[in-house]
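Biologist: I would like a close look at how the strands pair. Take me from there to the rest of the fold, in short steps.

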Amino acid sequence: MERQTTRVSTQDVARQRDFCEKIALLLSAKAGQSMAYVDTYGCQQNEADSERIRGYLQSMGYGFTQDENEADVIVINTCAIREHAEDRVLGNVGALVHAKRRHPGQIICLCGCMAQEEHVAEKIRQSYRHVDIVFGPHALWKFPELLYRVLTRRGRVFENTDEPGSIAEGIPVVRQNGVKAWVSIMYGCNNFCTYCIVPYVRGRERSRLPEDVLAECRELAAAGYKEITLLGQNVNSYGKDLGLDMDFADLLAQVNAIPGDFLIRFMTSHPKDASQKLFETMARCEKVAPVFHLPFQSGNDRVLKEMNRHYDRATYLAKVKALREQLPDVVITSDVIVGFPGETTEEFEDTLSLVEEVGFDALFTFIFSPRVGTPAAGMDDPTPMEEKKANFQRLVDAQNAISAQKHAAYIGKTLRCLVDGVCQEEGFALTARTPGNRLVRIETGGEELIGQYLDVEITGANTWSLWGRLADTDCHGPCGPSQ
Ligand code: SAH
Ligand code: SF4
Ligand code: F3S
């Protein structure tokens with residue numbers, strides 16, 4: 001396939017860096033340190049985007065604050081996946097009117113997936129007049145230019161034209177975590193699941209060049225990062241647009257070959273593209289974590305068809321079986337939607353039985369939320385909300401029982417875990433993650449252990465997490481930790 005021209009030129013990115021310098025000059029003429037507040041909603045893709053927004057802001061000379069009253073620039077990076085997410089954002093953006101009253105020169109920016117939706121932009125235009133800049137994910141790389149325009153000319157800027165999307169390399173990054181890093185390997189989505197807004201707001205699927213992804217991963221490994229998560233809406237179709245003889249499994253193997261003591265994770269996978277080659281690659285690549293997030297959405301074939309998912313229940317189950325044949329202890333997690341338009345309780349039973357049959361380690365459960373412009377928003381939806389909620393609760397209860405059982409099986413085992421933070425809960429000192437990404441709370445240990453892989457003996461578990469103590473790594477006798 002011809003390589004598509006979806007790349008922003010290096011000159012255009014360099015121009016944005018010039019705008020950063022111009023803004024830095026403006027700020028240096030002001031007294032005191034200028035501050036920025038970046039608030040992020042939604043998925044890891046948005047977290048990764050916010051790290052680039054912070055990168056730009058830092059190169060403009062802004063410091064960072066968590067206090068909206070202290071901020072000269074506020075950036076709200078939004079999510080449009082469900083109505084609840086949008087309502088929360090609008091509520092918080094509405095409340096910022098008070099911060100701005102106290103701080104008249106403050107600039108408020110709304111970006112991300114909601115900002116790309118025309119009806120949201122219109123609402124902001126009409127009813128949230130304290131918002132100065134609105135820009136969708138396609139315009140993120142132009143943020144310095146947009147901010148410069150508002151800083152020098154005042155007025156409001158709206159930049160959310162619908163387009164297939166592009167890739168800009170060379171944007172500065174300020175990572176939020178010194179141990180775990182996100183690496184976007186592709187952007188957008190071509191799947192058009194009928195309930196989902198993502199393809200409309202994030203544009204068409206486009207892959208970063210392997211050399212760019214690998215260079216970023218090499219840098220991260222050299223900087224001592226312990227975990228790299230490769231991101232995309234459907235990582236399994238990585239490379240299809242590049243016209244190279246390379247797929248996601250090949251990319252994974254190449255990241256695995258980078259020297260360093262780090263784990264590789266990835267998300268998200270679409271079942272239709274999860275291949276035997278990928279499962280085999282995972283099994284032989286020692287750095288690839290034994291965990292697979294494989295959203296199934298529904299266990300009923302009619303509903304799956306209506307969702308435009310391109311697989312049926314049997315195919316999904318066969319993929320899980322093939323994955324477990326390669327990686328017997330793999331942790332499998334999934335997403336599911338309850339109450340898709342027209343789903344009957346009888347059809348919902350198929351979802352419930354699939355959950356029982358697979359035995360997921362964890363499940364992200366959602367009640368269908370109609371999204372403006374998606375086909376499902378216009379479908380007949382006769383099932384009453386009370387019935388959907390009752391089904392949802394049955395699903396949550398069933399999964400909770402499975403999760404508790406899965407977690408209980410860890411008790412007595414010793415696992416090599418990445419210590420990733422301080423635990424806020426009483427009686428615990430640190431948090432860590434198992435290779436399968438289960439949360440472990442550790443009883444004792446100081447902050448200096450954050451960023452280390454340590455053996456943790458699991459002593460207890462509940463539905464949501466595990467707990468334990470650092471194993472005595474000096475003991476190499478029969479009591480010593482297993483690997
Ligand atoms: N690209 C990923 C997931 C993107 S969104 C994938 O395909 O798996 C994350 C999850 O949100 C989806 O898996 C789905 O379960 C849920 N979701 C998306 N749109 C939704 C909607 N309109 N209502 C309820 N849940 C939704
Ligand atoms: Fe949405 Fe489907 Fe694309 Fe995932 S694969 S982002 S659910 S359209
Ligand atoms: Fe939300 Fe956009 Fe991610 S809609 S889930 S932030 S891709």
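Modeller: Two strands pair if DSSP finds at least two bridges between them. Strands (E, at least two residues) and helices (H or I, at least four) are DSSP runs, numbered from the N terminus. This is a predicted model, where local features need pLDDT of at least 70 and side-chain atom pairs count only at pLDDT 80 or more, while totals for chains, interfaces and linings use all residues. Residues are numbered from 1 along each chain as written, chains are lettered from A and ligands numbered from 1 in written order, and side-chain values use heavy atoms, without hydrogens and water.

Start with the parallel pairing. Strand 13, residues 331-338, pairs with strand 14 in the parallel sense, and six bridges join them. For one point of contact, look at Asp335: its opposite number in strand 14 is Phe364. Both strands belong to an open sheet of three, with the order 12-13-14 and parallel pairing. Strand 12 (291-293) and strand 14 (362-367) are the edges, since each pairs on one side only.

Now the antiparallel set. Strand 15 (residues 414-422) and strand 16 (residues 430-433) run antiparallel and share four bridges. Leu418 has Arg433 of strand 16 as its bridge partner. Strand 16 also pairs with strand 17 (residues 439-442), again antiparallel, over four bridges. Here Ala432 faces Val440 in strand 17. Strands 16 and 17 make a hairpin, and five residues separate them. In that turn, Asn437 has a positive phi of about 70°.

Go back to the edge strand that spans 291-293. Phe292 joins Phe248, Phe266 and Phe279 in one aromatic cluster. Rings of Phe, Tyr and Trp (its six-membered ring) pair if their centres lie within 6.5 Å; planes under 30 degrees apart are stacked, over 60 edge-to-face, and the rest tilted. That rule gives 13 aromatic pairs. One of them links Phe248 and Phe266, edge-to-face, with centres 5.1 Å apart and 70° between the planes. Phe248 sits in helix 9 (residues 248-256) and Phe266 in strand 11 (residues 263-267), so this pair ties together parts 18 residues apart in sequence. Both of these Phe residues are buried. Buried means under 20% relative accessible area, exposed over 50%, and partly exposed in between (1.4 Å probe, protein chains only).

Tyr311 and Tyr316 give another kind of pair. Their ring centres are 6.2 Å apart and their planes meet at 35°, so this pair is tilted. Tyr311 is buried at 9% relative accessibility. Tyr316 is buried too, at 1%. Then check His310. This residue is exposed, at 56% relative accessible area. His310 is in the loop between helix 11 (301-306) and helix 12 (313-326). Its phi is positive, about 65°, although it is not a glycine.

Another backbone detail follows strand 11. The peptide bond from Met267 to Thr268 is cis, and its omega is near 5°. Thr268 lies in the loop between strand 11 and helix 10 (276-284).

Last, the ligands. A residue counts as near a molecule if one of its heavy atoms lies within 4 Å of it. Around ligand 2 are Cys189, Asn191, Phe192, Cys193, Tyr195, Cys196, Val198, Pro199, Gln233, His270 and Arg309. By class, that shell holds seven nonpolar, three polar and one charged residues. Ala, Val, Leu, Ile, Met, Phe, Trp, Tyr, Cys and Pro count as nonpolar, Asp, Glu, Lys and Arg as charged, and the others, Gly among them, as polar. Phe192, from this shell, has a positive phi near 45°, though it is not a glycine. Phe192 lies in the loop between strand 8 (186-187) and helix 7 (198-202). It is partly exposed, at 30% relative accessible area.

Ligand 3 is surrounded by Cys43, Asn46, Cys79, Ala80, Ile81, Cys113, Arg202 and Gln233. Its shell has five nonpolar, two polar and one charged residues. Gln233 appears in both shells.
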